[in-house]
2 protein chains.
Amino acid sequence: MLGLALKEPYDIMEFELIDEPGVVIQNRDQFNLPTDPEKNVAGVVLLAALEKAGINKGIKVTIEKRIKPGSGLGSSAASAAGAAVGANKLLGNIFSTEDLVQLAMIGEKLATGVKHADNITPCILGGITLIRSIHPLDIVPLASPDLFVTVVHPQIEVRTADARQILRKQVYLKDAIKQWGNIAGLVAGFMNNDRGLISRSLEDVIIEPVRSILIPAFDEVKLRCKEAGAMGGGISGSGPSIFMLSENEDTARTVGDIMKNIYDEIGIENYVYVTTINKNGVEETASRE
Amino acid sequence: MLGLALKEPYDIMEFELIDEPGVVIQNRDQFNLPTDPEKNVAGVVLLAALEKAGINKGIKVTIEKRIKPGSGLGSSAASAAGAAVGANKLLGNIFSTEDLVQLAMIGEKLATGVKHADNITPCILGGITLIRSIHPLDIVPLASPDLFVTVVHPQIEVRTADARQILRKQVYLKDAIKQWGNIAGLVAGFMNNDRGLISRSLEDVIIEPVRSILIPAFDEVKLRCKEAGAMGGGISGSGPSIFMLSENEDTARTVGDIMKNIYDEIGIENYVYVTTINKNGVEETASRE
């Protein structure tokens, strides 16, 4: 529902308009993702973009993924959003922001089984965004506060579909009310850049207590990072990555060291990123046209 | 959780510091509310204020209620907030905003059985406020948009305690998620003065479908007011009053006529108020000191 874009990690995608209709995918990474466009997150988005544009051409894309699939860092959203934005540039900026989100959701659906825009929208717009509703799509850009983000990706597999399944279908009204307060507080905190309010509101009483069971040492990570000065944080996406927000870079780095030590000690391979909120979303770095 | 202060209706309260310890209550209205301070919403607040101040004096208050008790318009909150602010002025502005809210909650608890600050806080601060949490108390002033508010109070009795009881203890996660989106949208809409977003977010999928059963013609009122141009609305407090927001006074007046006609036709006595959002909260109109 609320999503934010990170500066790092990021994927690199190169696009080329080709005469032959269809989509050609080349992977330049170690993930062995499908090159059949019908089975590739970026592929289905590019096919849909070509169809929507109604032109008799094709797109060749070279993908260098740096965001690990299954990390909870929105890897599929990055592929999907990158493909939508890339196709749009190639085709002459014919799509609206809403078109781009709708196109990218086709990729998110392929990856996660669910058409959602929580991760795609910040990839496309940058900053922190709210998706109020999917049907109809209602996108609300909120803010791009100057906060530091530390993320740890412990190398265990939590598939999004599993993480969704363990959620209960019903929740206590008293918990739902508490959560409404926290979400309202978080939105107001981001919009007013009220860091105390953001910190107090970074509390998920519904999803996190259930999903965090799948993430080793989650409670310890959260507790010790907050003791070290982090504003707060939680599960990134459906996990297993954990994010923490900090007001300054020093704290963000200390938080990263704490995360690394905890997972090193229990022998779980891990990657730590210390980064900021990406204010721009998908970026065009060079064009050969 | 979110509350807003109205310009009208309002109560009038006159305070006087007296030598004899304790609280003396005089009513100047037709509601026959208790004059025993222990049983009167304003009374318990004044007693608590005197105790907190630790002075050996008393307060005499004359109360002219114009907000009907049991209307869902925050009548008890008005008495409680008025008493807290009045006592504070008499005692030399010794209380913080949080003190005032804490004091007024004692009155709200007497009236409704629940210590909540959703109605009290906008009475004290004006505008639209968010209570993120009661324990600990976390007050977030949001905004004071220039919107018009139409309220109808159909003369049927819905006791707050009853309205609370019919709520289910559990809600569907999918409904809770929808509600999180709407609350986040509402907060962002009020803060950005984005009237389209406010309008789209004025949808309660959890409480309203249950509580509105107790309010005759609720669905018809809402539908016809929106057809006439109202941005949206819902149940005021725990009912039976219904509020609608409008962007301009003409629409707000038309909406008031529609409300009146619907209840006149089905023979339910009703009061309609066309007013604005009160930006200041409790106001001191004159002082005899």
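In the predicted model, the backbone nitrogen of Ile67(B) lies 3.0 Å from a polar atom of the Asp11(B) side chain. A second backbone nitrogen, that of Arg66(B), is placed 2.9 Å from a polar atom of the side chain of Asp11(B). Asp11(B) itself belongs to the loop that connects strand E1 (2–4) with strand E2 (12–18) of chain B. With a relative accessible area of 15%, Asp11(B) falls under the 20% limit and is therefore classed as buried. Leaving aside residues up to four places away in sequence, the contacts of Asp11(B) comprise Glu64(B), Lys65(B), Arg66(B) and Ile67(B), together with Ser75(B), Ala78(B) and Ser79(B).

Helix H9 (residues 218–227) of chain B has a buried side and an exposed face. Phe218(B), Val221(B), Lys222(B) and Cys225(B) are the buried residues of this helix. These residues lie on the same side of H9(B), because the arc they cover around the axis is only 95°. In general, an α-helix has 3.6 residues a turn, so residues three or four places apart point the same way. The partners against which the buried residues of H9(B) pack are helix H8 (208–211), E9, E10 and helix H10 (249–265) of chain B. On the face turned away from the buried side, H9(B) carries Asp219(B), Leu223(B) and Glu227(B), which are exposed. After H9(B) comes Gly229(B), with a positive phi near 110°.

Two of the elements packed against H9(B), namely E9 and E10 of chain B, also pair with each other. Strand E9 (residues 232–235) and strand E10 (residues 242–246) of chain B are joined by four bridges and run in the antiparallel sense. Within this pairing, Ile235(B) is set opposite Ile242(B) of E10(B). Six residues separate the two strands of the hairpin, and Gly237(B) in this hairpin adopts a positive phi near 55°.

In chain A, four strands make up an open sheet with the order E9-E10-E7-E11, and their pairing is antiparallel. Strand E9 (232–235) and strand E11 (270–276) of chain A form the edges, each pairing on one side only. With direction ignored, neighbouring strands of the sheet are turned by 15° against each other on average. Strands of a sheet pair through backbone hydrogen bonds, either parallel or antiparallel. Strand E7 (residues 148–154) of chain A is connected to E11(A) by seven bridges, the two strands running antiparallel. Pro154(A) has Asn270(A) as its bridge partner in E11(A). Helix H10 (residues 249–265) of chain A lies across E7, strand E10 (242–246) and E11 of chain A, and its direction is at about 10° to that of E7(A).

Several backbone features in the loops of both chains stand out against the general pattern. Most residues other than glycine have a negative phi, and most peptide bonds are trans. In chain A, the peptide bond between Gly239(A) and Pro240(A) is cis, with omega about 5°; Pro240(A) is located in the loop between E9 and E10 of chain A. In chain B, a cis peptide bond links His135(B) to Pro136(B), with omega about -5°. Pro136(B) occupies the loop between strand E5 (128–133) and strand E6 (138–143) of chain B.

Positive phi values also occur at two asparagines of chain A. Asn32(A), a residue other than glycine, has phi near 50° and is part of the loop between strand E3 (22–27) and helix H1 (41–53) of chain A. Its relative accessible area is 71%, which is over the 50% cut-off, so Asn32(A) counts as exposed. Asn93(A), likewise not a glycine, has a positive phi of about 50°. The loop that holds Asn93(A) joins helix H2 (75–90) to helix H3 (97–112) of chain A. Asn93(A) is exposed as well, with a relative accessible area of 54%.

Two annotated spans of chain A come from the UniProt record. An unreviewed entry in UniProt assigns "domain: GHMP kinase N-terminal" to residues 45–127 of chain A. In the model, the end C-alpha atoms of residues 45–127 of chain A are 23 Å apart, and the span is 57% helix and 8% strand. For residues 188–263 of chain A, UniProt lists "domain: GHMP kinase C-terminal", again from an unreviewed entry. The end C-alpha atoms of residues 188–263 of chain A are separated by 34 Å, with 54% of the span in helix and 12% in strand.

Note on methods. Residues are numbered from 1 along each chain as its sequence is written. Chains are lettered from A and ligands numbered from 1 in the order in which they are written. This is a predicted model: local features need pLDDT of at least 70, side-chain atom pairs count only at pLDDT 80 or more; totals for chains, interfaces and linings use all residues. Side-chain values use heavy atoms; hydrogens and water are left out. UniProt positions are given in the numbering used here, feature names are shortened, and annotations may be inferred rather than shown by experiment. Buried means under 20% relative accessible area, exposed over 50%, partly exposed in between (1.4 Å probe, protein chains only). A polar contact is a pair of N or O atoms within 3.5 Å; within protein, one must be able to donate a hydrogen and the other to accept it, and residues adjacent in sequence count only if both atoms are side-chain atoms. Contact means heavy atoms within 4.5 Å. Two strands pair if DSSP finds at least two bridges between them. Axes are lines fitted to C-alpha atoms, for helices over the stretch in contact, and angles run from 0 to 180 degrees between N-to-C directions. The arc is that of the directions from the helix axis to the C-beta atoms.
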